[in-house]
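Take a first walk through this structure with the view open beside you. The text moves from one place to the next and stops at each.

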Amino acid sequence: MPTIVFANPKGGVGKSTSAVILATQIAAKGADVTILDADPNKPVSQWSKRGNIPQNIKVIADISETTIIDEIDAAAAKTPFVVVDLEGTASMMVAYAISRADLVIIPLQGSQLDASQGAKAVSLIKQQEKAFNKTIPLAILFTRTNSALKPRTLIHIQAEFYKHGIRALKTQLHEREAYRALFSFGGTLETLDPSQVGNLEKALLNAREYAAEIVAMLKAEQSQETLVTANV
Ligand SMILES: Nc1ncnc2c1ncn2[C@@H]1O[C@H](COP(=O)(O)OP(=O)(O)O)[C@@H](O)[C@H]1O
Ligand SMILES: [Mg+2]
């Protein structure tokens with residue numbers, strides 16, 4: 001069942017935040033999700049230890065280069081969705097996780113520095129495609145964007161990726177206090193207290209739209225795969 005991997009060699013671009021938002025939104029729709037916390041700093045495990053985690057989310061930590069592939073396969077056999085949060089580095093573990101992905105999401109913020117690191121993630125994925133002789137679908141996710149305005153740098157970066165045939169999700173994850181609050185209070189956007197967290201409703205709408213776009217993308221990839229297999 002689909003494995004969605006969050007990768008970018010740069011730290012602080014929003015991988016863990018975007019991974020937890022995706023997992024919790026899929027779980028809110030009723031599907032079981034396993035999150036593999038493959039970052040030695042264990043940000044997702046720390047989030048889960050704060051409590052209020054939906055019953056249909058399982059977090060697995062203490063994953064190493066030698067166990068990541070087995071962990072992904074075992075999780076994919078048990079739950080319909082697997083979300084992998086990786087460390088902000090280019091390691092063997094990252095390469096292995098990418099090789100098993102049905103979709104790699106590359107979160108980045110709208111700066112040129114982030115774009116270069118995002119381009120590195122893309123080349124690593126292309127390398128894995130060659131090594132394993134398979135297609136690994138990917139998409140850029142712009143994070144921490146301003147909901148009110150679209151800076152020129154962001155438009156330029158989007159255009160550059162597009163020119164090179166690299167798609168970006170239409171939905172961007174805006175800069176929202178609620179997404180930070182998830183990691184302070186634990187739980188999900190649905191369990192946060194609107195009296196303590198500003199603009200929670202807008203954050204929820206944005207998160208739902210983001211998760212729906214990824215699920216639709218996975219469905220499209222799956223039907224594409226079925227078509228290809230049927231033609232063989
Ligand atoms: N959409 C967002 N809105 C607000 N804060 C965010 C958002 N995405 C990430 N952050 C914050 O940015 C920092 C880095 O995010 P994180 O998800 O830990 O990145 P990474 O996993 O790539 O290192 C954290 O402090 C996190 O709370
Ligand atoms: Mg992280």
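What follows starts at the ligand and then visits single residues elsewhere in the chain.

A word on the source: this is a predicted model.

Begin with ligand 1. How many residues surround ligand 1? There are 14, and the closest are Gly12, Ser16, Thr17, Arg144 and His174. Three of these five deserve a look of their own. Ser16 comes in with its backbone: an N or O atom there lies 2.9 Å from an oxygen atom of ligand 1. Arg144 uses its side chain instead, with a polar atom 2.9 Å from an oxygen atom of the ligand. At His174 the backbone is involved again, and here the partner is a nitrogen atom of ligand 1, 2.9 Å from a polar backbone atom. Taken alone, the ligand exposes 550 Å². The protein buries 79% of that area.

Where does ligand 1 sit? The space it takes is the largest pocket. Three elements each give two or more residues to the surrounding shell: helix H1 (15–28), strand S7 (173–174) and helix H7 (177–185). Which of the elements supplies the largest share of the shell? H1 does, with 3 residues. Sort the shell by residue type and the groups are 3 nonpolar, 6 polar and 5 charged.

Now follow helix H7 to Tyr179, which is found in it. Is Tyr179 buried or exposed? Its relative accessible area is 5%. Buried means under 20%, so Tyr179 is buried.

From Tyr179, jump to Ala95. The two are 84 residues apart in sequence. In space, their C-alpha atoms are 27 Å apart. Ala95 is found in helix H4, residues 92–99. Its relative accessibility is 9%, so Ala95 counts as buried under the 20% limit. A second distance starts from Ala95 and ends at Glu225. Here the sequence separation is 130 residues, and the C-alpha to C-alpha distance is 22 Å.

Next comes strand S2. Thr34 has its place there, within residues 33–38. Thr34 has a relative accessible area of 3%, and therefore it is buried, as the value is under 20%. What joins the side chains of Thr34 and Thr79? A polar contact of 2.8 Å does.

The last two stops are in loops. Asp62 is in the loop between strand S3 (57–60) and helix H3 (68–78). Look at its backbone: phi is positive, about 55°, although Asp62 is not a glycine. Is Asp62 buried or exposed? Its relative accessibility is 61%, and exposed means over 50%, so Asp62 counts as exposed.

Asn133 lies in the loop between helix H5 (112–132) and strand S6 (138–145). Its phi is near 50°, a positive value in a residue other than glycine. With a relative accessible area of 71%, Asn133 is over the 50% limit and therefore exposed.

To retrace the route, return to the ligand. Ligand 1 takes up the space of the largest pocket, with H1 giving the largest share of its shell. Tyr179 is buried, Thr34 is buried, and Ala95 counts as buried. In the loops, Asp62 counts as exposed, and Asn133 is exposed.

Note on methods. Residues are numbered from 1 along each chain as its sequence is written. Chains are lettered from A and ligands numbered from 1 in the order in which they are written. This is a predicted model: local features need pLDDT of at least 70, side-chain atom pairs count only at pLDDT 80 or more; totals for chains, interfaces and linings use all residues. Side-chain values use heavy atoms; hydrogens and water are left out. A residue is near a molecule or strand if one of its heavy atoms lies within 4 Å of it. A polar contact is a pair of N or O atoms within 3.5 Å; within protein, one must be able to donate a hydrogen and the other to accept it, and residues adjacent in sequence count only if both atoms are side-chain atoms. Accessible areas come from the Shrake-Rupley method with a 1.4 Å probe; for residues, only the protein chains shown count as cover. On a 1 Å grid over the protein atoms alone, a cavity is a set of points where a 1.4 Å probe fits but cannot get out, and a pocket is an open set with protein on both sides within 12 Å along at least five of seven lines; lining residues have an atom within 4 Å of a point. A molecule sits in a cavity or pocket if more than half of its atoms lie within 2 Å of its grid points. Helices (H or I, at least four residues) and strands (E, at least two) are DSSP runs, numbered from the N terminus. Ala, Val, Leu, Ile, Met, Phe, Trp, Tyr, Cys and Pro count as nonpolar, Asp, Glu, Lys and Arg as charged, and the others, Gly among them, as polar. Buried means under 20% relative accessible area, exposed over 50%, partly exposed in between (1.4 Å probe, protein chains only).
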